[in-house]
Amino acid sequence: EVGLRGNPQPWLTWDTSLFWLDFDNQIGTVAGVVQNVGHSIHKGWEGALELNLVGLYDQLNKTDAADRWGSLSLYVNAMLLDAEFKGGANNGKAPQYAAEYILRTGLNYRWRDRAKVSLLGTFVDDHFADDGNSADFQVPAYMTWDLTAEFKVYKDSVSVVAGVNNLFNEDYYSRIRSDGIDPAYGRNYYVGVSVKF
């Protein structure tokens, strides 16, 4: 893997990388039998960008809105993947769960290093849940949104965390077993306390 990252302005951070993963003698399933499924190569690109909209506004207008109201950032992270078996029983097929793209995007709000609220969506391309790329094991493309929050209540040691996963209650599945699909959770909630020593 090789990559670069930068922070050219206080309101902009980015990183980008190229990767190449070479798996020899990979274990998988062929016609229901666990065996060596051959040699696979995963290559692709991953990049991320975070643009602080309030920070940009402050710089353009010579104001200090971020100090008063906090920051609101647009976040984007994308991965493009080309994965394929080279030789073996699955020659030319895609390894299981190797979606050609995954995109995560949304908004992050931060207030004075004391609070953070994020609304992030995950978009996943269709892919297969088996190395043989069987029609019965195709996972359709899906997208979900999560809302999370963290508030520091005592110095930097104690925080309250909460969130809603699958905010819009999407019906989808991301795994398939031999006896059928494994449905993903619908909308669900959590609340907790984080203590750092």
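## Leu119 and its surroundings

Leu119 has a relative accessible area of 29%, which makes this residue partly exposed, because that class lies between under 20% for buried and over 50% for exposed. The value comes from a predicted model. Leu119 belongs to strand E6, which covers residues 115-124.

Once neighbours within four places in sequence are set aside, the contacts of Leu119 are Thr105, Gly106, Leu107, Trp145, Asp146, Leu147 and Leu167. Asn90, by comparison, is separated from Leu119 by 29 residues in sequence and by 39 Å in space, C-alpha to C-alpha.

## Overall architecture

Two helices and 13 strands make up the secondary structure of the chain. The chain is more spread out than a compact globule, because its radius of gyration, 21 Å, is well over the 16 Å given by the globule rule for 197 residues. Along the principal axes, the C-alpha atoms occupy a box of roughly 60 × 35 × 35 Å.

Contacts were also considered by sequence separation. Of those between residues at least 6 apart in sequence, 53% link residues at least 24 apart.

## Burial, surface and charge

Buried residues account for 31% of the 197 in the chain. The exposed area of the chain is about 12400 Å², and 57% of this area is supplied by carbon and sulfur atoms.

As to charge, the chain carries 17 positive and 25 negative side chains. The centres of these two sets are 10 Å apart.

Terms used: Residues numbered from 1 in each chain as written. Predicted model: local features only at pLDDT ≥ 70, side-chain atom pairs only at ≥ 80, totals over all residues. Heavy atoms only, no water. Helix = DSSP H or I, 4+ residues; strand = E, 2+ residues; numbered from the N terminus. Rg over C-alpha atoms; globule rule 2.2 N^0.38 Å. Buried < 20%, exposed > 50% of the residue type's maximum accessible area, 1.4 Å probe, protein only. Contact = heavy atoms within 4.5 Å. Areas by Shrake-Rupley, 256 points an atom, 1.4 Å probe, with all protein chains shown as cover. Lys, Arg positive; Asp, Glu negative; His and termini not counted. Charge placed at Lys NZ, Arg CZ, Asp CG, Glu CD.
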